[in-house]
Amino acid sequence: MTTTTGTDWHAWQESWDRQQEWYMPDREERFRIMLDMVEALVGPEPRVLDLACGTGTITARLLARFPNATSTGVDLDPALLTIAEGTFAGDERVSFVTADLTDPEWPARLPHDAYDAVLTATALHWLHSEPLAALYGQVAELVRDGGVFMNADHMIDESTPRINAAERTQRHARMDQAKADGALDWAEWWALAAQDPVLAAPTARRFEIYGEHAEGDTPSAAWHARVLREKGFGEARPVWRSPSDTLILAVK
């Protein structure tokens, strides 16, 4: 979609996806499984909270597969939210909320008290374990009984250091080759955003908020499943895995 500002939001959305795929070549597979499980557990017309939504990647795939779904995207990043809002402008199924997930009052900003599904991917690893556990407690309050929460992210099993090192070496070799073939990395993508007439100001604000790059914790899948159960979910376990990442599904 190109707006009166001359900005091609679809192109920015696509470029974000390609940049993320440089880090995660199996990114679409995790989204497919995520939506499979949404359909299996809450049906094809869910009310979804897209948590730390970024450019609205999950929302885009949700609506393409389930046209009668609705989505609330929540994030703090002004640049990524600008792209999301531009991409979905005029779509009454989608709304966006600016909120800091470390603020205890963030759920009060949402348009609904309960959701069928809360979904997030490659976003919560910037939180350390204690605030992440607190966030899981808040999410449990937002998911209706029988509803689901899913988080796809880096989850490292520290009990397998040789496997971890071998996987990391191979993954980075492939990333180096893709970079040589022209793939954009995270820093290069943001440099382009900073040069765009429409995104320059929100990008500057973004770096004022986050700094260069926030690094939280990457606890194991077992930690995530245990904490989710402790915070109010009846069941929680991995439903998809790669050598470095896991999709955790929790049912209220």
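## Rings and charges: worked exercises

A polar contact of 2.8 Å connects the side chains of aspartate 50 and threonine 59; a polar contact is a pair of N or O atoms within 3.5 Å, where within protein one must be able to donate a hydrogen and the other to accept it, and residues adjacent in sequence count only if both atoms are side-chain atoms. The model is predicted, with local features needing pLDDT of at least 70 and side-chain atom pairs counting only at pLDDT 80 or more, while totals for chains, interfaces and linings use all residues. Residues are numbered from 1 along each chain as its sequence is written, and side-chain values use heavy atoms, with hydrogens and water left out.

### Exercise 1: Aspartate 50

Describe the surroundings of aspartate 50, starting from its place in strand S1.

*Step 1.* Strand S1 covers residues 47-51. Helices (H or I, at least four residues) and strands (E, at least two) are DSSP runs, numbered from the N terminus.

*Step 2.* Look for a charged partner. Aspartate 50 is buried but has no salt bridge. Buried means under 20% relative accessible area, exposed over 50%, and partly exposed in between (1.4 Å probe, protein chains only). A salt bridge is a side-chain nitrogen of Lys or Arg within 4 Å of a carboxyl oxygen of Asp or Glu.

*Step 3.* The nearest side chain of opposite charge belongs to arginine 61, 8.7 Å away. Here Lys and Arg count as positive and Asp and Glu as negative, with His and the chain ends not counted.

*Step 4.* Now list the neighbours. Leaving aside those within four places in sequence, aspartate 50 is in contact with residues including Gly56, Thr59, Ser71 and Leu119; contact means heavy atoms within 4.5 Å.

### Exercise 2: Salt bridges across the chain

Find which parts of the chain are linked by the salt bridge of glutamate 28 and arginine 61, and then do likewise for arginine 30 and aspartate 245.

*Step 1.* Start with the total: the structure holds 18 salt bridges.

*Step 2.* In the bridge between glutamate 28 and arginine 61, the closest N and O atoms are 2.8 Å apart. Glutamate 28 belongs to helix H2 (residues 27-42) and arginine 61 to helix H3 (residues 57-65), so distant parts of the chain, 33 residues apart, are linked.

*Step 3.* Check accessibility. Glutamate 28 is partly exposed at 33%, whereas arginine 61 is buried at 18%.

*Step 4.* Arginine 30 and aspartate 245 meet in a salt bridge of 2.7 Å, N to O. Because arginine 30 lies in helix H2 and aspartate 245 in strand S7 (residues 245-251), this pair ties together parts 215 residues apart in sequence.

*Step 5.* Arginine 30 is buried, with 1% relative accessibility, and aspartate 245 is buried with a relative accessible area of 1%.

### Exercise 3: A bridge within one helix

Where do arginine 226 and glutamate 230 lie, and how far apart are their closest N and O atoms?

*Step 1.* Both residues lie in helix H9 (residues 221-230), four residues apart, about one turn of the helix.

*Step 2.* They form a salt bridge, and the closest N and O atoms are 3.0 Å apart.

*Step 3.* Arginine 226 is partly exposed at 38% relative accessibility, and glutamate 230 is exposed at 53%.

### Exercise 4: Aromatic pairs

Describe the pair formed by tryptophan 12 and tryptophan 189, then the pair of tryptophan 186 and phenylalanine 207.

*Step 1.* A search of the whole structure gives 12 aromatic pairs. Rings of Phe, Tyr and Trp (its six-membered ring) pair if their centres lie within 6.5 Å; planes under 30 degrees apart count as stacked, over 60 as edge-to-face and the rest as tilted.

*Step 2.* Tryptophan 12 and tryptophan 189 are edge-to-face, at 5.5 Å centre to centre and 85° between the planes. Tryptophan 12 is in helix H1 (residues 9-23) and tryptophan 189 in helix H7 (residues 186-195), so the pair ties together parts 177 residues apart in sequence. Both tryptophans are buried.

*Step 3.* The ring centres of tryptophan 186 and phenylalanine 207 are 6.2 Å apart with planes at 75°, so this pair is edge-to-face. Tryptophan 186 lies in helix H7 and phenylalanine 207 in helix H8 (residues 200-210), 21 residues apart. Tryptophan 186 is buried at 14%, while phenylalanine 207 is partly exposed at 22%.

*Step 4.* Put the rings together: ring pairs link Trp12, Trp16, Trp186, Trp189, Trp190 and Phe207 into a cluster.
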